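Hello,

Please find the structure below. My notes on it follow, so keep it open while you read.

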Amino acid sequence: DVLVAGETLIDFVPERAGSLEDVPGFERRPGGAPANVAVALVRLEEPPLFWTRVGDDPFGRYLERTLADYGIPDRFVERDSGAKTTLAFVTHDEIGDREFTFYRDGTADTRLEPGRIDDATLADCEWVHAGGVTLSSGSAREATLDLLERAAAADCTVSSDPNLRPELWPDEGTVASVVGDALAHVDVCLATVSELEALGFEGESATALARAAVEVGAVHTAFVTRGSEGAVAVAGADAPWPAATVEHPGFAVEAVDTTGAGDAFVAGAITALRDGDDLENAVAFANAVGARATTGRGGMTALPTRDEVAALLEG
Ligand code: ADP
């Protein structure tokens with residue numbers, strides 16, 4: 001099995017550009033990077049276990065129903081009777097640069113507790129993926145570190161997308177130290193250039209940054225996504241697939257909404273590497289999943305099927 005862990009929340013996306021005070025209305029969309037990764041894996045025919053927590057409120061019930069409708073098993077989808085569901089309000093300016101306002105004080109996803117995933121479950125998982133946002137607050141931080149540590153001890157391949165949101169972290173020092181602690185248990189890191197820089201890695205290019213993460217031994221494989229320009233990846237000598245450095249230019253598509261592209265990419269990389277692809281094919285496949293996800297509106301709603309990805313790969 002694959003186990004994904006982390007937040008499920010509701011993104012309220014605006015009808016048009018403008019500030020929170022000025023936007024006339026918002027559309028309610030299920031989200032949270034790990035939730036998107038989990039649904040993307042279902043779409044790619046690799047349905048994962050998903051460990052998450054929603055609040056005891058209408059939003060939480062809506063998210064439970066949405067995940068179930070997508071085919072995510074409810075076994076580790078927790079409902080917290082003492083908390084509300086996390087909400088994120090998104091705004092963007094005329095050129096599309098987004099900002100997030102989170103309602104996340106003491107909300108359900110910050111209250112995951114260590115030990116919920118038992119060792120017998122981990123023994124059946126070949127791959128464990130955790131998002132980074134749960135590391136930013138509450139008992140979810142300890143719970144996520146505990147999961148990653150035990151997953152590594154159980155010989156799962158452990159991956160993480162730091163998904164750093166400056167709005168959620170008190171300062172950069174905390175980011176580097178907390179995410180650094182998590183990376184100690186991570187085999188495969190998937191990040192953007194700016195995230196790797198925020199973690200303290202240095203390099204003049206995406207490839208140099210990926211190489212830096214692998215060379216200091218933080219991870220054995222690093223993927224760096226570059227939006228419309230595709231992605232690069234570096235695997236070191238201790239990776240379970242052949243060592244390689246890959247630069248892939250991505251796929252030219254008519255992008256209408258890039259929400260969730262990074263999460264689609266993560267699911268694509270996990271799927272390809274589990275299928276036994278080498279790093280070159282894995283980056284191509286992940287880029288195709290990411291690119292295809294930008295061609296429809298919404299994060300979850302636009303996640304592609306295997307056939308749709310194959311069509312893009314075949315050109
Ligand atoms: P994030 O969504 O985490 O900010 P990126 O913007 O780097 O991450 O996008 C992740 C991946 O999605 C990219 O590596 C690429 O494969 C794909 N992608 C994103 N935007 C586009 C685009 N405009 N055209 C084609 N592919 C894209």
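Two strands count as paired if DSSP finds at least two bridges between them. With that in mind, look at strand S2 (residues 9–14) and S6, which pair in the parallel sense over 3 bridges. Asp11 has Ala88 in S6 as its bridge partner. Please note that this is a predicted model.

The surroundings of S6

Strand S6 covers residues 87–92, and 5 of its 6 residues are buried. Besides S2, strand S6 has strand S7 (residues 98–103) as a partner, in the antiparallel sense and over 6 bridges. Across this pairing, Thr91 stands opposite Glu99 in S7. S6 and S7 form a hairpin with 5 residues between the strands, and Gly96 takes a positive phi near 95° there. As background, strands of a sheet pair through backbone hydrogen bonds, either parallel or antiparallel.

The sheet of 9 strands

Next, find the open sheet of 9 strands, in the order S5-S4-S1-S8-S9-S10-S11-S12-S13 and with mixed pairing. Which strands are at its edges? They are strand S5 (77–80) and strand S13 (244–248), each of which pairs on one side only. From one strand to the next, the twist averages 15°.

Helix H4 (residues 139–153) packs on this sheet and touches strand S1 (2–5), S4, strand S8 (127–131) and strand S9 (157–161). The direction of H4 makes about 160° with that of S8.

Strand S1 is a good place to follow the pairing. S1 and S8 run parallel and are joined by 4 bridges, with Val2 opposite Trp127 in S8. S1 also runs parallel to S4, with 3 bridges between them, and here Ala5 stands opposite Trp51 in S4. Are the residues on the two faces of S1 buried or exposed? Val2 and Val4 on one side are buried, and so are Leu3 and Ala5 on the other, which leaves both faces of S1 covered.

At the S5 end of the order, strand S4 (residues 49–55) and S5 pair in the parallel sense over 4 bridges. One position to look up is Arg53, whose bridge partner in S5 is Glu78.

Salt bridges

Side chains of opposite charge can pair when their charged atoms come close. How many salt bridges does a search of the whole structure find? The search finds 19.

One of them is between the side chains of Arg79 and Asp56, at 4.0 Å from N to O. Arg79 lies in strand S5 and Asp56 in the loop between S4 and helix H2 (58–70), so this pair ties together parts that are 23 residues apart in sequence. Arg79 is partly exposed, with a relative accessible area of 44%. Asp56 is partly exposed too, at 37%.

The side chain of Arg79 also meets that of Glu64 in a salt bridge, at 2.8 Å from N to O. This pair links distant parts of the chain, with Arg79 in strand S5 and Glu64 in helix H2, 15 residues apart.

Another salt bridge joins the side chains of Asp109 and Arg104, at 2.9 Å from N to O. Why do both residues count as buried? Buried means under 20% relative accessible area. Asp109 is buried because its relative accessible area is 1%, and Arg104 is buried because its value is 7%.

There is also a network of salt bridges that links Arg53, Glu78, Asp80, Arg111, Glu113 and Arg116. Two of these names have come up before: Arg53 and Glu78 are bridge partners in the pairing of S4 and S5.

Helix H7

The last item is helix H7 (residues 206–215), which is mostly covered, with 7 of its 10 residues buried. The buried residues are Ala206, Thr207, Leu209, Ala210, Ala212, Ala213 and Val214. What do they pack against? Their contacts are with helix H6 (193–198), strand S11 (221–225), strand S12 (231–235) and S13. Three of these elements, S11, S12 and S13, belong to the open sheet described above. After H7 comes Gly217, with a positive phi near 80°.

Regards

Methods: Residues numbered from 1 in each chain as written. Predicted model: local features only at pLDDT ≥ 70, side-chain atom pairs only at ≥ 80, totals over all residues. Heavy atoms only, no water. Axes fitted to C-alpha atoms, helices over the stretch in contact; angles between N-to-C directions. Contact = heavy atoms within 4.5 Å. Buried < 20%, exposed > 50% of the residue type's maximum accessible area, 1.4 Å probe, protein only.
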